[in-house]
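Student: Please take a close look at one part of this model, the sheet, and say what surrounds it. A connected account would suit me better than a list.

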Amino acid sequence: MNYEEKLESKGYKFPTQANKRIFEAGVRTGNLIFVSGNAAKVEGVLKYKGIVGDTVTMEQAQDAGKIAFVNCLATVKNMIGNLDSMKRIVNIKGYVASTPEFTDQPKVMDEVSALAIEIFGEVGKHSRVSLGTSSLPEGTPVEVEIVVEV
């Protein structure tokens, strides 16, 4: 089973992407692809909206992170044709819109890391950042960006 089939077997679908922004969805330089931040959108609509620790639960935030990560992977797929040519997920950054009292941003992103390693094995082992913020675009509770080696 290839990487895309593994993700689909877990219930994740790649969105059709149309970049309507003034910046690129992903930029390749040499053998690295830097993917812009993605929200937890399914069919172009946010699955969750709000602040973690207030209107969004830990479980919802973890799911949002995984969806946002898959959306990042869709950019990589669109740029290189398929995920099987990836050599490594180098870095994952997660931004979690959370209350000042919420300090479990790493636990939100742990689920994203676990999915990366479950699907990609050694290729999915990465460095990571988990940051809290007061808000994110469109009210998404989690935004994810990645760097991959191809």
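Tutor: In this predicted model, isoleucine 33 has valine 148 of β7 as its bridge partner. The two strands concerned, β2 (residues 32-38) and β7 (residues 142-149), run antiparallel and are joined by five bridges. Strands of a sheet pair through backbone hydrogen bonds, either parallel or antiparallel.

β2 and β7 are neighbours in an open sheet of five strands, whose order is β1-β2-β7-β5-β6 and whose pairing is mixed. β1 (26-29) and β6 (127-133) are the edge strands, each pairing on one side only. On average, neighbouring strands of this sheet are turned by 10° against each other, direction ignored.

A helix lies across part of this sheet: α2 (residues 58-80) lies across β1, β2, β5 (88-97) and β7. Relative to β7, helix α2 runs at about 40°.

Aside from the sheet, there is one aromatic pair in the structure. Tyrosine 3 and phenylalanine 120 form this pair, with 4.5 Å centre to centre and 55° between the planes, which makes it tilted. Tyrosine 3 belongs to helix α1 (residues 3-9) and phenylalanine 120 to helix α3 (residues 105-120), so the pair links distant parts of the chain, 117 residues apart. Both rings belong to buried residues, for which the cut-off is under 20% relative accessible area. Tyrosine 3 counts as buried because its relative accessibility is 15%; phenylalanine 120 is buried because its relative accessible area is 4%.

Technical notes:
Residues numbered from 1 in each chain as written. Predicted model: local features only at pLDDT ≥ 70, side-chain atom pairs only at ≥ 80, totals over all residues. Heavy atoms only, no water. Pairing = 2+ DSSP bridges. Helix = DSSP H or I, 4+ residues; strand = E, 2+ residues; numbered from the N terminus. Axes fitted to C-alpha atoms, helices over the stretch in contact; angles between N-to-C directions. Contact = heavy atoms within 4.5 Å. Phe/Tyr/Trp six-rings, centres within 6.5 Å; stacked < 30°, edge-to-face > 60°. Buried < 20%, exposed > 50% of the residue type's maximum accessible area, 1.4 Å probe, protein only.
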